[in-house]
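Biologist: I'd like to go through this one with you and ask how each term is earned. Shall we start once it is on the screen?

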Amino acid sequence: MTLLGEFSLWAAVIVGLWCAVISFSGRWNGRPELAATVTRSTHALLFCLLAASLALWQGLISHDFNIEYVAAYTSRNLPPYFIVSAFWAGQKGSLLFWAVVLSLFGSLAQTLTPRRYSDLLPYVAGVTSAVVVFFVGVMVLSANPFDRLAFTPPDGRGLNPQLQNVGMVIHPPMLYLGYISITVPFAFAAAALLSRKLDTGWIHAIRKWTLVSWLFLSIGITLGMWWAYVELGWGGYWAWDPVENASLLPWLTMTAFLHSVMIQEKRGMLKRWNLGLIVGTFLLSIFGTFITRSGVISSVHSFTQSNVGYFFLAFLVIAGTFGFTLLYTRWPLLEAEASLDSVASREAAFLFNNLLFVGIAFSVLWGTLFPILSELVRGNKITVGPPFFNRVNVPLGLLLLGLTGIGPLIAWRKASPENLKRQFFWPVLAGLATLAGLLAAGMRDPYPLMALALAGFVAGTIAQEFQRGTRARMRMHQEPLPIALGRLIGRNRRRYGGYLVHVGMLIYFVAFAGMAFKREQEATLKPGQSVEMRSPFGHTYRFTHLGISQYEALNRIVTAGTIEVTKDGKSDGLITSEKRQHVDSFKRPTFEPSTEVGIRSGLQEDLYVVLAGVVNGTEEAVYRFNLNPLVWWVWFGGMVLVSGGLVTMWPGGGPTIRTRRPAQAGYEVALDGRTGGQADRRADGTAASAV
Amino acid sequence: MKAGHKFLLGAALIVGSVAFLITEGVRETGVYFLTPSELAQKTAQDPSFVENVGFKVGAKVVPGSVRRDAANRRIDFQVSDGVKTYPVTYKGLVPDTFTDADDIEVVVEGRLGRDGVIRATDVLAKCGSRYEAKFGAKKA
């Protein structure tokens, strides 16, 4: 089977190269059969890579330990679903995973894009194929998953225990899907530049794709936080680790892009900026892959150090040169069709929002690369950590939070004082009320106070939007409340889906603010001894160490410490934390021991118990206890964010066409229900098939 | 044009505060990342470095040097880059990957005491083969 795999990889290189060369040469212009062959070759590419993937899976499932990759990441006693996920657990397999998913997207982009954008498609095929060829090339040249060993070990080494987690089965693919799908918008942008068809067509063609990759990135990042929280055991979910940052960077620029395209659609402004953003986002996704795989910056999440990094660095340079040269040569074609009328306008609010997103992205990039930069420039390696990122990003994030409330409600072109008063009176009051309430409750920390007050303001704006829209529908169509609300969202999916996403972000901000109040305590306890902790919500927890138990499970030897919890004097059940020594099928230890955190999640706070060790084989144990406020809300916020994204993307919520006259924000709701809604739906029918 | 100017002012304000926050952040929170040899060099050049300046040291744990006192959650060990060796003392919990087998690489954050012992405030183990088990005879 490895022969088939290896053969398929080479076939993929040939097909992909052919496609890219013909595509970029432009010889298909005026030759429809050749153009069709170019676009169809993306399907052939997909076929080759599917064959290769099946070959690898076959090796994994049949425990063919003569294949180095299989021996390095699985063992006979590994549960079946982890054997499936071992496909992307290591460097080589994940490169194949990347290539096959990208070729799937490349092929879908060809079949799902509406016919009216068909003159972009051969170029799109060329770009996606070229990127696929790069990944397959890296594999065959330096990281071939089908490499065989000189001997056949009796059992494999097994999967790292920290990867033996359900989150780890879905988190990497989600993040990869996000990273990978960015290639499609990039390919369309490049195609628009190459073909000089620089109207808003390409933006409409990729709207759903950008949302898809944004959504996958969001899910991937949130799952990554969850994994770090339950597996790494340091007590939090975000540590500003280089790899975490690398996943955040394209998300930030993609989010900026999702906002700024609206300005281009409505006003014909920001064309260059948008193209720059999409090229930048693509480069950042490759940069993230580079960081994760090269080992240039040490990180808890990275793969082992390898020379694969050089390939990525080279690719980054080539792709960057390609993208920005194209942009530069087409610069004069990208004149803006309108100019800014007033700073108090939606355009300006969105521009500021974009600057903040890019500013945050820049500071994160800067901090991540600072050890390298400082060594190059000053000869001293200087690192910055979480304190740096928090100092810089908390104030910027708060500004952004404020704009989340202002942007969607302020009028296009120029906001009149009446517009401002009408839109912002109640929300500002809501924000002030939140602030007053918190001050009265005794909260004095400035950043959390600001975060929560701003959240109150933004929540006010969103509630007001829903309330006004629903009331307008109820009045106009005599609909009862639930139907009016449902139809309001259903008929203006892009707008109200967007609000839901904002609600999700609000919840994130509130939850992040909560972590400012976390409590932590370490203790060495004999059985029967206990510690007491007071939570920021005023509860008193007592943790009593009951004892240590040892037993064997499927592929590990477990040492478990059990803690009895009382909350405000009342019994609140048991929490168990484990030390696990993983073993292979011959009971030989594999890997270092790993810790399984005991977590009790609640709406107010999480109890987070880590068994750090046992004193010299006795039942005396070392524990760390954390009270983590509002963590549950991070996962909930993620769900709201994702459902908002899904509403926005649902077929029917397509792009509003540009000819719609710019309306005063406040009246748009009513218009959407009738005339505007009609236009929306017409445009949607065609664009809906983009994904 | 007036709106454009106002916008540029706002944009400059944002860009300026990003730049300010970054430079301030680096100045206030940046920490030297040194090897033991570089640390020795620094302290030789600038004696005030001892006790006053925080830094991170990236080095390997000297095999067999780890002394754990679990009951007091204290750990003593030595780090070395093959040229210079420093003793480290740390009170707190170390990650699972921290052992004295197999030349584990660690990053120790802290300050150097007058007695030549690094008082660590944080210890990170960065296992080079993080997600891959060691594999004896790889294909040549």
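Modeller: Two strands count as paired if DSSP finds at least two bridges between them. Please keep in mind that this is a predicted model. With that rule, chain A shows an open sheet of five strands in the order 3-4-5-6-7, with antiparallel pairing.

Biologist: What makes strand 3 and strand 7 of chain A the edges?

Modeller: Strand 3 (530-534) and strand 7 (594-596) each have a single partner strand, so one side of each is left without a neighbour in the sheet. On average, neighbouring strands of this sheet are turned by 25° against each other, direction ignored.

Biologist: How do you know that strand 4 and strand 5 of chain A pair?

Modeller: Pairing needs at least two bridges. Strand 4 (residues 540-553) and strand 5 (residues 556-567) of chain A have 12, in the antiparallel sense, so they meet the definition of a pair. Thr544(A), for example, stands opposite Glu564(A) of strand 5, and Ala553(A) stands opposite Arg556(A) of that strand. The two strands form a hairpin with two residues between them.

Biologist: And what joins strand 5 to strand 6 of chain A?

Modeller: Here 11 bridges join strand 5 to strand 6 (residues 570-582), and the two run antiparallel. Glu564(A) appears again, opposite Leu574(A) in strand 6. This is also a hairpin with two residues between its strands, and Asp568(A) in the turn has a positive phi of about 50°.

Biologist: Which strands of chain A make up the open sheet of four strands?

Modeller: Its order is 2-10-9-8 in chain A, with antiparallel pairing. Strand 2 and strand 8 (598-600) are the edge strands, as each pairs on one side only. The twist averages 15° from one strand to the next. Strand 8 and strand 9 of chain A are joined by three bridges in the antiparallel sense, so the cut-off of at least two bridges is met. Ile599(A) has Tyr608(A) in strand 9 as its bridge partner.

Biologist: Let's turn to the interior. Why is a group of residues called a nonpolar core?

Modeller: The members must be buried residues of nonpolar types such as Leu and Phe, joined through C-beta atoms within 7 Å. The largest such core here has 195 residues, and Phe135(A) and Phe188(A) have the most contacts inside it. Helix 9 (residues 201-232) of chain A gives the most to this core, with 20 residues. Leaving out residues up to four places away in sequence, Phe135(A) touches Leu95(A), Trp98(A), Ala99(A) and Leu102(A). Another core, of 39 residues, lies apart from the largest one and includes Val565(A), Val622(A), Phe625(A) and Val79(B).

Biologist: How do you know that domain 2 and domain 3 of chain A touch?

Modeller: Contact requires C-beta atoms within 7 Å. For this pair, 27 residues of domain 2 are in contact with 30 residues of domain 3. Helix 9 of chain A gives the most to the domain 2 side, with 13 residues. That side has 14 nonpolar, nine polar and four charged residues. As for the bounds, domain 2 covers 182-331 + 360-408, and domain 3 covers 409-516 + 633-690.

Biologist: How many residues of chain A are in contact with chain B?

Modeller: There are 61 residues of chain A in contact with 37 residues of chain B. Helix 13 of chain A supplies the largest share of the chain A side, 11 residues. By class, that side divides into 30 nonpolar, 20 polar and 11 charged residues.

Biologist: What makes strand 1 of chain A and strand 1 of chain B a pair?

Modeller: They share two bridges in the antiparallel sense, with strand 1 of chain B at residues 31-34. At least two are required, so the pairing qualifies. Thr383(A) stands opposite Val31(B) there.

Biologist: And what does chain B contain?

Modeller: Chain B has three helices and seven strands, following the pattern α-β-α-α-β-β-β-β-β-β along the sequence. Of its 140 residues, 26% count as buried. Chain B is divided into domain 1 (1-30) and domain 2 (31-126), and the C-alpha centres of these two domains lie 38 Å apart.

Note on methods
Residues numbered from 1 in each chain as written. Chains lettered and ligands numbered in written order. Predicted model: local features only at pLDDT ≥ 70, side-chain atom pairs only at ≥ 80, totals over all residues. Buried ≥ 20, exposed ≤ 12 C-beta atoms within 10 Å, placed from the backbone. Contact = placed C-beta atoms within 7 Å. Axes fitted to C-alpha atoms, helices over the stretch in contact; angles between N-to-C directions. Domains from an automatic or database assignment. Nonpolar A, V, L, I, M, F, W, Y, C, P; charged D, E, K, R; others polar.
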